[in-house]
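Student: Could you go through this structure with me and explain the words as we meet them?

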Amino acid sequence: METIVDKLFPAIKQFGPILYKFLSAIEDAPFIVQMEPTSQCNLSCVMCTRTLSPKPARDMSFEEFERVAYAVINSHSWIVRRLFPQVLIFDLTGIGEALLNTRFLDMVEALKRRRVTVTLADNFTLMDDTAAERIIRAGVDVLFISLDASSKQTYEKLRRGAVFAKTLGNIERFVKVQKRIGALKPRLIIRCLVMSENVGELPQMVRLARTCGVGSVSFDHLNPSPATQHLKVSRSAYERAKRQALQLGEELGITVLCAPYPKQSHARCTRPFNSVNVTVEGHVLPCCFSNERKHYSELAPFSMGNAFEQNVVEIWRSARFRQFRSMLSQRRAPPFCGDCYLYRLDSARDREDGAGPSEEPPRRETQT
Ligand SMILES: C[S@@+](CC[C@H](N)C(=O)[O-])C[C@H]1O[C@@H](n2cnc3c(N)ncnc32)[C@H](O)[C@@H]1O
Ligand code: SF4
Ligand code: SF4
């Protein structure tokens, strides 16, 4: 059954960033917090930083998590904390498989007790009945199921270490538990990163969602990185597959969400103006893109501070973070953002794909 969240989700995706930028400016605190519960993973997906640039395995402790989460919640006004806590969004997704952190579900439950919005992405290889029941009963709002193919062959090639039939079984089991409990939340969304390897399977992904009892599919793009360039899909192949998937979605009653093909001119980045990304080591970064794009050893110099040692909201309000935002506002690319598609486009490739020349190129800077 389509819920109000289902109906509003496209609008939230489209207008949310601007609304949240406005709210964060009023309260001078982040409204969206992304936290990385662990850097451990049981898979080695071909496109993921966890595989391409692994970092030492570590879990965020429950105490570290509490320190960051409550610092953000408590920094907001009484109106937000007491009357509208749902406008605060915590995304407990980092580069790793969160269910490997034995305190992860405690973190989810602790956040939901504060009535904030919680979203997660999971590979569903470890999703058993107990985890499903705790996630559903806690009231998680949106759960992305990372499933990048509709065939065993492609799935197991991209998501190395996973077994297609087992993952599908776990998804179906989750749906059954949710039906038994009679809960409308979480909203389940199958998330597929579109790559040259799987673009032909997009329409079948919509069918698969229907078979598994999941109401939505989201097609997203790789964050640009030299290491994943060979997996990038061409614009024409994506647009063709997207049309077919959207049509099939209409026929089958499945909501199909399609990210626009990455290009420079469509967006100014709003992320550092409304959100923070806290890595498993406590680094406060302006966005998760950086965490995925750069070698982890290159990230520390870009850290705005350590949220396990200093209040994360003080870091958010620091001169260093403000200067970073100011550079973005003036279209002076901080080196951190240099190859991000929200800032700068691989213009040669885009012209090749028929997008036309990019807009005024950003000025480059050497310091953050
Ligand atoms: C890094 S994973 C962590 C959560 C969990 N392990 C999973 O796979 O869902 C979070 C999301 O990032 C996506 N992802 C992986 N590599 C990516 C890349 N190079 N660019 C953009 N997203 C990526 C995954 O498909 C997944 O949906
Ligand atoms: S995408 Fe998720 S499951 Fe795959 S390697 Fe990365 S963190 Fe692990
Ligand atoms: S432009 Fe910079 S801050 Fe914004 S998403 Fe890209 S890398 Fe992150």
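Tutor: Gladly! Two strands pair if DSSP finds at least two bridges between them. Strands (E, at least two residues) and helices (H or I, at least four) are DSSP runs, numbered from the N terminus. What you see is a predicted model, where local features need pLDDT of at least 70 and side-chain atom pairs count only at pLDDT 80 or more, while totals for chains, interfaces and linings use all residues. Residues are numbered from 1 along each chain as its sequence is written, and chains are lettered from A and ligands numbered from 1 in the order in which they are written.

Student: How do you know that β10 and β11 pair, and in which sense?

Tutor: Strand β10 (residues 275-278) is joined to β11 by two bridges, in the antiparallel sense. Two bridges meet the minimum for pairing, so the strands count as paired. At one bridge, V284 in β11 is the partner of V278.

Student: What makes β9 and β11 edge strands?

Tutor: Look at the whole sheet. It is open, has nine strands with mixed pairing, and runs in the order β9-β8-β7-β5-β4-β3-β1-β10-β11. β9 (255-258) and β11 (284-285) each pair on one side only, and these are the edge strands.

Student: Now the helices. Why are α9 and α10 called roughly parallel?

Tutor: Helix α9 (residues 202-212) and helix α10 (residues 235-252) pack with their axes 7 Å apart, at an angle of about 25 degrees. That value makes α9 roughly parallel to α10. Angles under 35 degrees count as roughly parallel, over 145 as roughly antiparallel, 65 to 115 as roughly perpendicular and the rest as oblique. The axes are lines fitted to C-alpha atoms, for helices over the stretch in contact, with angles from 0 to 180 degrees between N-to-C directions.

Student: What is the handedness of that crossing, and which residues meet there?

Tutor: The crossing of α9 and α10 is right-handed (the near helix is turned clockwise from the far one by less than a right angle; anticlockwise would be left-handed). From α9 come L202, P203, M205, V206, R207 and R210, and from α10 come A241, K242, Q244, A245, L248, G249 and L252. This contact has eight nonpolar, two polar and three charged residues. Contact is called when C-beta atoms, placed from the backbone, lie within 7 Å. As for the classes, Ala, Val, Leu, Ile, Met, Phe, Trp, Tyr, Cys and Pro are nonpolar, Asp, Glu, Lys and Arg are charged, and the others, Gly among them, are polar.

Student: Why are α6 and α8 called oblique?

Tutor: Helix α6 (residues 129-138) and helix α8 (residues 164-181) pack at about 45 degrees, with axes 9 Å apart. That angle lies in none of the named ranges, and α6 and α8 are therefore oblique to each other. Their crossing is right-handed. D129, A132, E133, I136 and R137 of α6 make the contact with R173, F174, V177, Q178 and I181 of α8.

Student: And what makes α5 roughly parallel to α6?

Tutor: The axes of helix α5 (residues 104-113) and α6 come within 9 Å and cross at roughly 15 degrees. This is below the limit for the roughly parallel class, so α5 is roughly parallel to α6. Here the crossing is left-handed. L105, V108, E109 and K112 of α5 touch A131, R134, I135 and A138 of α6.

Student: How do you know which residues surround ligand 2?

Tutor: A residue counts when its C-beta atom, placed from the backbone, lies within 6 Å. That gives C41, L43, S44, C45, C48, R50, T51, I95, G96, E97 and N123 around ligand 2. β2 (44-45) and α2 (49-52) each supply at least two of the shell residues. By class, the shell has five nonpolar, four polar and two charged residues.

Student: Which residues come nearest to ligand 1?

Tutor: Of 17 residues around ligand 1, C48, A121, N123, S146 and N223 come nearest.

Student: What makes the bond from K185 to P186 cis?

Tutor: Its omega is near 0 degrees. P186 sits in the loop between α8 and β7.

Conventions:
Contact = placed C-beta atoms within 7 Å.
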